[in-house]
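Open the model in your viewer and keep the sequence panel beside it. This tour tells you what to select next and what is there.

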Amino acid sequence: MPALDTVQRDTPYGSAFLDDASQFLAMRTLLRKVESVSLDPVKSRNFIHRLAKEV
């Protein structure tokens with residue numbers, strides 16, 4: 001994986017710029033956790049369609 005210089009993280013309260021190796025590790029860990037519990041594109045689309053029908 002190529003080294004990153006800066007990561008921009010947008011939040012409801014504004015943007016934060018991460019530029020430390022430990023911050024990168026924490027962000028990568030967070031993104032991997034989110035990815036591991038996320039639905040694949042087909043299941044995600046089906047879920048959204050099912051929710052839209054219920055509204």
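A residue counts as exposed when its relative accessible area is over 50%, and as buried when that area is under 20%. Anything in between is partly exposed. Keep these cut-offs at hand. What you see is a predicted model.

**Stop 1: the whole chain.** Show everything as a cartoon. The chain has two helices and two strands. Follow the sequence and the pattern reads β-β-α-α. The radius of gyration is 16 Å, well over the 10 Å that the globule rule gives for 55 residues, so the chain is more spread out than a compact globule. Turn the model to look along its principal axes. The C-alpha atoms fill a box of roughly 45 × 25 × 15 Å.

Now switch on the surface. About 5,100 Å² of the chain is exposed, and carbon and sulfur atoms supply 59% of that area. What share of the 55 residues counts as buried? The share is 7%.

**Stop 2: confidence.** Colour by pLDDT. The chain has a mean of 89. Of its residues, 93% reach 70 or more. Which element has the lowest mean pLDDT, and which the highest? The lowest belongs to β1, with 87, and the highest to α2, with 96. Where pLDDT is low, the predicted coordinates should not be read in detail.

**Stop 3: before the strands.** Select aspartate 5. This residue lies in the segment before β1. Aspartate 5 counts as exposed because its relative accessibility is 67%. Next, add leucine 18 to the selection. Aspartate 5 and leucine 18 are 13 residues apart along the chain, with 8.6 Å between their C-alpha atoms.

**Stop 4: the hairpin.** Select residues 7-11 for strand β1 and residues 14-18 for strand β2. The two strands pair in the antiparallel sense, over five bridges. Together β1 and β2 form a hairpin, with two residues between them. Which residue in β2 is the bridge partner of valine 7? The partner is leucine 18. Then pick aspartate 10. Across from aspartate 10, in β2, stands serine 15.

**Stop 5: helix α1.** Select residues 21-37, which make up helix α1. Lysine 33 sits in this helix. Is lysine 33 buried or exposed? Lysine 33 counts as exposed, because its relative accessibility is 55% and the cut-off is 50%. Draw a distance from lysine 33 to aspartate 19. The two are 14 residues apart along the chain, and their C-alpha atoms are separated by 21 Å.

**Stop 6: helix α2 and a patch.** Select residues 41-54 to light up helix α2. Leucine 51 is found here. With 36% relative accessibility, leucine 51 counts as partly exposed. Now add Leu39, Phe47 and Ile48 to Leu51 and show the surface again. These four residues form a nonpolar patch on the surface. Together they have about 350 Å² of accessible area.

Terms used:
Residues numbered from 1 in each chain as written. Predicted model: local features only at pLDDT ≥ 70, side-chain atom pairs only at ≥ 80, totals over all residues. Heavy atoms only, no water. Patch = residues over 30% accessible without salt bridge, like charges linked within 9 Å, V, L, I, M, F, W, Y side chains within 5 Å. Areas by Shrake-Rupley, 256 points an atom, 1.4 Å probe, with all protein chains shown as cover. Salt bridge = Lys/Arg side-chain N within 4 Å of Asp/Glu carboxyl O. Helix = DSSP H or I, 4+ residues; strand = E, 2+ residues; numbered from the N terminus. Buried < 20%, exposed > 50% of the residue type's maximum accessible area, 1.4 Å probe, protein only. Pairing = 2+ DSSP bridges. Rg over C-alpha atoms; globule rule 2.2 N^0.38 Å. pLDDT = per-residue confidence, 0-100.
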